[in-house]
Amino acid sequence: MEYAPSDVVVRILLELGETRSPAAALRACLPLVAELSPAAVELRHDDDGIGVELLVVLPVPAQDARRDLRAAVTPLAERLGLDPERFEFTGGRTPAGRVRDLRSAGRFGAYQLDVRLGGDPAGDGPPGECGSGVSGPAEPGTEGPTELLPEGPVLPWTDEDEGELAQWHRRSFAIWVRLGGEFAGVDERRAGELFEELLGRVRLADLGPEAVAESTDGLPPADPGAVGCQALLGPVTVAPEAAMAVVRQALAAERGWSAVRSGDAGGPYLASGWTAAHTPGQGLVAVNVLVAEGLVLGRIGAS
């Protein structure tokens, strides 16, 4: 792969602990892959399990190589839960550096960032060369789509691995509805019962033949005195706008819904909600609805 002299090329090292299968490793790091859009993903196998390396290219001006490296790696390190103050410059014929923190794993088990200006941090060739020292145009198809490049011993890919990865892919890239409700003046058991009644008013058939309802952990309510509940409805086979309309129509008795708004959290989503004009002594005080791909809902939930 060829790099521009101003490209800051970063290798992110992840240690996935007890992860033992390729499918499980991919499931564990694909949210990060979707977030960072790396040029390549590499798997390695050692006694501690499966490790992953992401190769990410950050284009920045090269007016001051040392300043650019530190500035480029700092926000990335913070996103990964690493301490950017541990950045140190390393030697070599081109400016390079490293953030390494073995004391505590960051997001997705990140423990090290290697960075080089204009080249792969895995090598020390002149700018424009990859770590192997072979330069030239990038191979067709290596720009944009993520490429899986196995390293080390070949790991067996089983039918179970394939099934697990297919299920993860289906859940992550299908459209889902997240329905949340907040209840005042009741305990968690009663809130759960009231939420099941609310959920029962949404006709799953109108969301598509594959749609099911899955209860999830309680949603932190906006009012500390309330109890929050949520459920996922899907996978949805109708358009996101139609799915939002289905839920709003089913819950039309709660008047005064906010306008449907669109947003982006690494992918588009639709959001709407309802809040009681006067807080009742007991019962439903708020409803919120999000419609998006599974990965996007996960990002919103983690933010």
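Start at Arg-203, which counts as exposed because its relative accessibility is 53%, and the cut-off for that label is over 50%. Keep in mind as you look that this is a predicted model. Arg-203 has a partner: its side chain meets that of Asp-206 in a salt bridge, with N and O 3.3 Å apart. Asp-206 has a relative accessibility of 37%, so it counts as partly exposed.

That pair belongs to a longer list, as the count for this model comes to seven salt bridges. The general idea is simple: side chains of opposite charge can pair when their charged atoms come close. Let's walk through some others.

Move to helix α4, where Arg-190 and Glu-193 both sit, three residues apart, or about one turn of the helix. They form a salt bridge whose closest N and O atoms are 3.0 Å apart. Arg-190 is partly exposed at 32% relative accessibility, and Glu-193 is also labelled partly exposed, at 33%.

Now for a bridge between strands. The side chains of Asp-114 and Arg-98 meet in a salt bridge, 2.5 Å from N to O. This one links distant parts of the chain: Asp-114 is in strand β6 (residues 110-117) and Arg-98 is in strand β5 (residues 96-100), with their positions 16 residues apart. Is Asp-114 buried or exposed? With a relative accessible area of 11%, Asp-114 is buried, whereas Arg-98, at 30%, counts as partly exposed.

Salt bridges can also join up into something bigger than a pair. Here, Arg-11, Glu-42, Glu-53 and Asp-120 are linked in a network of them. Zoom in on Glu-53, which lies in strand β3 (residues 49-59). Glu-53 is charged, yet it is buried, with a relative accessible area of 14%. So what does the side chain of Glu-53 make a polar contact with? It is the side chain of Arg-11, at 2.9 Å. Leaving aside neighbours within four places in sequence, the residues in contact with Glu-53 are Arg-11, Ile-12, Leu-13, Ala-40, Val-41, Glu-42 and Arg-44.

Time to turn from charges to the nonpolar side of things. In soluble globular proteins, nonpolar side chains tend to be buried together. In this model the largest nonpolar core has 31 residues, and Leu-179, Val-287 and Val-289 are those with the most contacts inside it. Which elements give two or more residues to this core? They are β8 (175-184), α4 (188-200), β10 (226-236), α5 (240-250), β12 (268-275) and β13 (283-293). You've met α4 already, as the helix holding Arg-190 and Glu-193.

For a feel of how this core is put together, pick Val-289. Once neighbours within four places in sequence are set aside, Val-289 is in contact with Val-177, Arg-178, Leu-179, Met-244, Val-247, Trp-257, Leu-270, Ala-271 and Ser-272. Apart from this core lies another one, of 29 residues, including Val-8, Leu-32, Leu-43 and Val-56.

Helix α5 is worth a look of its own. Its buried residues are Ala-243, Met-244, Val-246 and Val-247. Looking down the axis of α5, you'd find these buried residues within an arc of 155°, so they line one face of the helix. On the other side of α5, Glu-241 and Gln-249 are exposed. And what covers the buried residues of α5? The cover includes β8, β10, β12 and β13.

Aromatic rings get a short stop, since the count comes to one aromatic pair. The partners are Phe-87 and Phe-89, whose ring centres are 4.9 Å apart and whose planes stand at 90°, so the pair is edge-to-face. Phe-87 is buried, at 6% relative accessibility, while Phe-89 is partly exposed, at 26%.

Finish at Ser-21, in the loop between β1 (7-15) and α1 (22-36). Although Ser-21 is in a loop, it is buried, with a relative accessible area of 16%. Follow the chain from Ser-21 to Glu-160 and you cover 139 residues, while their C-alpha atoms are separated by 9.7 Å.

Note on methods:
Residues numbered from 1 in each chain as written. Predicted model: local features only at pLDDT ≥ 70, side-chain atom pairs only at ≥ 80, totals over all residues. Heavy atoms only, no water. Core = buried A, V, L, I, M, F, W, Y, C linked by side-chain atoms within 4.5 Å. Buried < 20%, exposed > 50% of the residue type's maximum accessible area, 1.4 Å probe, protein only. Helix = DSSP H or I, 4+ residues; strand = E, 2+ residues; numbered from the N terminus. Contact = heavy atoms within 4.5 Å. Phe/Tyr/Trp six-rings, centres within 6.5 Å; stacked < 30°, edge-to-face > 60°. Salt bridge = Lys/Arg side-chain N within 4 Å of Asp/Glu carboxyl O. Polar contact = N/O pair within 3.5 Å; in protein donor to acceptor, adjacent residues only side chain to side chain. Arc of directions from axis to C-beta.
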